[in-house]
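Biologist: I'd like to go through this protein with you and ask how you back up each label. Could you bring it up on the screen?

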Amino acid sequence: MAKYLVLIYGDEAAWASMPPEEERRLMDGHRALAEAASEAILDTGELEPPSAVVTLRGPAGGEPSATAGPLAENGATLGGYYLLEAAGLDEAKALASLLHESRAGHGGVEIRPVAEG
């Protein structure tokens, strides 16, 4: 079994102003993933907003400096994650597609294989 990190992105303003019906669909997606993946979920969590993020970065061989905010500013906010164990990428995609964020229009879901060894 391989491990996959499922990263959930969205628009922070859209999440904050989400109508109750869409919020229900979002939560239904998380419940569906939890039921379908069950023990294949090794870890999961919701992340604090970008205002709480600190990024460390520095020149090669130099001392890193801390700046407020995420490393990449592309309009989408990393809001949460699942660490899954799956038989392969197709299974990981099928599970991640249960998340409402994969089709909400204001974000997306990124699936990254975890390097072994």
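Modeller: Let's begin with Glu 48, which sits in the loop between E2 and strand E3 (54–57). Keep in mind throughout that this is a predicted model.

Biologist: What makes Glu 48 exposed?

Modeller: Its relative accessible area is 60%. Exposed means over 50%, so Glu 48 gets that label. By the way, Glu 48 and Gly 80 are 32 residues apart in sequence and 8.5 Å apart in space, C-alpha to C-alpha.

Biologist: What's the overall layout, before we get into more residues?

Modeller: The protein has 3 helices and 6 strands. Read from the N terminus, the order is β-α-α-β-β-β-β-α-β. Its C-alpha atoms fill a box of roughly 45 × 40 × 20 Å along the principal axes, and 28% of the 117 residues count as buried.

Biologist: Why is Leu 84 called buried?

Modeller: Leu 84 has 0% relative accessibility, and buried means under 20%, so the label follows. You'll find Leu 84 in strand E5 (residues 77–86). Setting aside neighbours within four places in sequence, its contacts include Ala 2, Tyr 4, Val 6, Ile 41 and Leu 95. Leu 42 is 42 residues away from Leu 84 in sequence, yet their C-alpha atoms are 5.6 Å apart.

Biologist: How do you know that His 100 is buried or exposed?

Modeller: Same kind of check: 11% relative accessibility is set against the cut-off of under 20%, so His 100 counts as buried. His 100 is in the loop between H3 and E6.

Biologist: What makes the pairing of His 100 and Glu 22 a polar contact?

Modeller: Their side chains are joined at 3.3 Å, and the limit for a polar contact is within 3.5 Å. Beyond the neighbours within four places in sequence, His 100 is in contact with Glu 22, Arg 25, Leu 26 and Gly 29.

Biologist: Glu 101 comes next in the chain. Which side chain of opposite charge is nearest to Glu 101?

Modeller: That's Arg 103, 7.4 Å away. A salt bridge needs the nitrogen and oxygen within 4 Å, and Glu 101 has no salt bridge although it is buried. Glu 101 lies in the loop between helix H3 (89–96) and strand E6 (108–113). Leaving out neighbours within four places in sequence, it is in contact with residues including Ile 8, Tyr 9, Trp 15 and His 30.

Biologist: So which pairs do pass the salt-bridge test?

Modeller: The count comes to 6 salt bridges. One of them joins the side chains of Arg 25 and Glu 21, at 3.7 Å from N to O, which fits within 4 Å. Another joins Arg 31 and Asp 28 at 2.8 Å.

Biologist: Why are Arg 25 and Glu 21 about one helical turn apart?

Modeller: Because they are 4 residues apart in helix H2. Arg 31 and Asp 28 are in helix H2 too, 3 residues apart, again about one turn.

Biologist: And why is Arg 25 called partly exposed?

Modeller: Arg 25 has 37% relative accessibility, which falls between the 20% and 50% cut-offs, so partly exposed is the right label. Glu 21, at 42%, is partly exposed as well.

Biologist: What about Asp 90 and Lys 93: what makes them a salt bridge?

Modeller: Their closest N and O atoms are 3.8 Å apart, and the limit is within 4 Å. They are separated by about one helical turn, because they are 3 residues apart in helix H3. Asp 90 is exposed at 60%, whereas Lys 93 is partly exposed at 43%. Back in H2, Glu 21, Arg 24, Arg 25, Asp 28 and Arg 31 are joined into one network by salt bridges that share partners.

Biologist: One more: what is notable about the phi of Ser 38?

Modeller: It's near 45°, a positive value in a residue other than glycine. Most residues other than glycine have a negative phi. Ser 38 is in the loop between helix H2 (20–37) and strand E2 (41–46). With 45% relative accessibility, Ser 38 lies between the 20% and 50% cut-offs, so it counts as partly exposed.

Notes: Residues numbered from 1 in each chain as written. Predicted model: local features only at pLDDT ≥ 70, side-chain atom pairs only at ≥ 80, totals over all residues. Heavy atoms only, no water. Helix = DSSP H or I, 4+ residues; strand = E, 2+ residues; numbered from the N terminus. Buried < 20%, exposed > 50% of the residue type's maximum accessible area, 1.4 Å probe, protein only. Lys, Arg positive; Asp, Glu negative; His and termini not counted. Contact = heavy atoms within 4.5 Å. Polar contact = N/O pair within 3.5 Å; in protein donor to acceptor, adjacent residues only side chain to side chain.
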